[in-house]
Amino acid sequence: MHRHPAEEVCAAGLELYTRALRDGRVRQAEGDLVPCVLDRGLLRPILESPGWLRPVAPAVMLPRLLGAIEEQVAEHRRHETWLAEAFQPLLTMGVRRDLADISLVQGKERINETIGDTMRRATAELLVIQPGGKRPHSALGKALAREQDMLARGCRMRTLYQHTTRHDPAVLAHYELLKGDVEVRTLDEVPERLIVIDRTVAFVPANPDRSLAVEVRHQPLVTYLATTFDRLWHLATPMYPEAVQQPTLNGITPRQRAIARLLVEGHTDAVIADRLGMNVRTARVHIAKLAATLGSESRAQLGYLIAESGILRQEGDGR
């Protein structure tokens, strides 16, 4: 049973009221399933027939319903006037510039609305860092329209993912649907999510589940974030529109080299998986393959063999 606002009469309620007018009455149990007809007084109990409801004449009900709506409108107008009068003296009060330039946005729906509004006003570019490997299809679908709208206005779009995203056909298909100046690159690791629009406003998460976001309009901070993106972009491997395959060195894949680096730093399987945007099972499969390639029989020996193999030096100096 869904109880909607009292001034509304739903389609099911109107249908029951129509049937009551035609038949002269309906059962109380039916009215209980659509409470709006009882809340608004369209149906009344029949005193001499318990369990039955009788309709009130439409000529009586229509003025009552319209009057209730008019009262609601009048109430909203009174509240509008009150708000305008209450805020008028506040409009001239100064606001600390640092507070205006950095604000907190709460709720995922509100965050998406705020980002979407800012994107609709964009004139130049969108820079995005998306950690965590694969993106849900629902998230990709919601982003498509507003991204295409930006591109159609002549903006460009640059997105950084982790290397694990290269194996997600849905992400590639998403960018193939976009028409315009779009590029995607990947890294082993990226920072937390970042959105920079026109290098004038940035959005970053404020808590782990991303239900809070910080909106940054403080220009030095936005410039710093955009510059950080640029540095990461130049280090990243192209994925779209033209994919560049990372080279395999001495039988060690790029993903295994990334895992080797984190193993040498002493991280657990869970931390390695989180840092590289994969699940723990996948991380352990790659660790096993790395151990087999290097001929390791234990975790301790694997770290020693990684150091001796030189694969991390090759990763760092490009040889």
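In which strand is Thr186 found? In this predicted model, Thr186 belongs to strand β7, which spans residues 181-187. Its relative accessible area is 0%, so Thr186 is buried. The side chain of Thr186 takes part in a polar contact of 2.7 Å with the side chain of His163, and a polar contact of 2.8 Å joins it to the side chain of Arg166.

Strand β7 also contains Asp181. A salt bridge links Asp181 to Arg158, with 3.1 Å between the closest N and O atoms. Because Arg158 lies in strand β6 (residues 156-162), this pair ties together parts that are 23 residues apart in sequence. Asp181 is partly exposed, at 37% relative accessibility, whereas Arg158 is buried, at 6%.

In total, 18 salt bridges were found in a search of the whole structure. Side chains of opposite charge can pair when their charged atoms come close. One salt bridge joins the side chains of Arg22 and Asp23, with an N to O distance of 3.5 Å; Arg22 is exposed at 58% relative accessibility, and Asp23 is partly exposed at 47%. Another connects Arg110 and Glu113, whose closest N and O atoms are 3.5 Å apart. These two residues are separated by about one helical turn, because they lie 3 residues apart in helix α6 (residues 108-120). Both are partly exposed, with relative accessibilities of 45% for Arg110 and 36% for Glu113. A network of salt bridges links Glu125, Arg156, Arg199 and Asp230.

Asp198 is located in the loop between β8 (194-197) and β9 (201-205). With a relative accessible area of 18%, Asp198 falls under the 20% cut-off and therefore counts as buried. Its C-alpha atom is separated by 8.9 Å from that of Met119, a residue 79 positions away along the chain.

An open sheet is formed by 3 strands in the order β1-β3-β2, with antiparallel pairing. Its edge strands, β1 (26-27) and β2 (43-45), each pair on one side only. The antiparallel pairing of β1 with β3 (residues 52-55) comprises 2 bridges, and Val26 stands opposite Leu53 of β3.

The largest nonpolar core has 26 residues, of which Leu126, Tyr175, Ile195 and Ile197 touch the most other members. A second core, separate from it, consists of 17 residues, including Leu263, Met278, Leu302 and Ile306. At the surface, Leu62, Leu66, Ile69 and Val73 make a nonpolar patch of about 330 Å²; Leu62 is part of helix α4 (residues 58-87).

Technical notes
Residues numbered from 1 in each chain as written. Predicted model: local features only at pLDDT ≥ 70, side-chain atom pairs only at ≥ 80, totals over all residues. Heavy atoms only, no water. Pairing = 2+ DSSP bridges. Helix = DSSP H or I, 4+ residues; strand = E, 2+ residues; numbered from the N terminus. Core = buried A, V, L, I, M, F, W, Y, C linked by side-chain atoms within 4.5 Å. Buried < 20%, exposed > 50% of the residue type's maximum accessible area, 1.4 Å probe, protein only. Patch = residues over 30% accessible without salt bridge, like charges linked within 9 Å, V, L, I, M, F, W, Y side chains within 5 Å. Areas by Shrake-Rupley, 256 points an atom, 1.4 Å probe, with all protein chains shown as cover. Salt bridge = Lys/Arg side-chain N within 4 Å of Asp/Glu carboxyl O. Polar contact = N/O pair within 3.5 Å; in protein donor to acceptor, adjacent residues only side chain to side chain.
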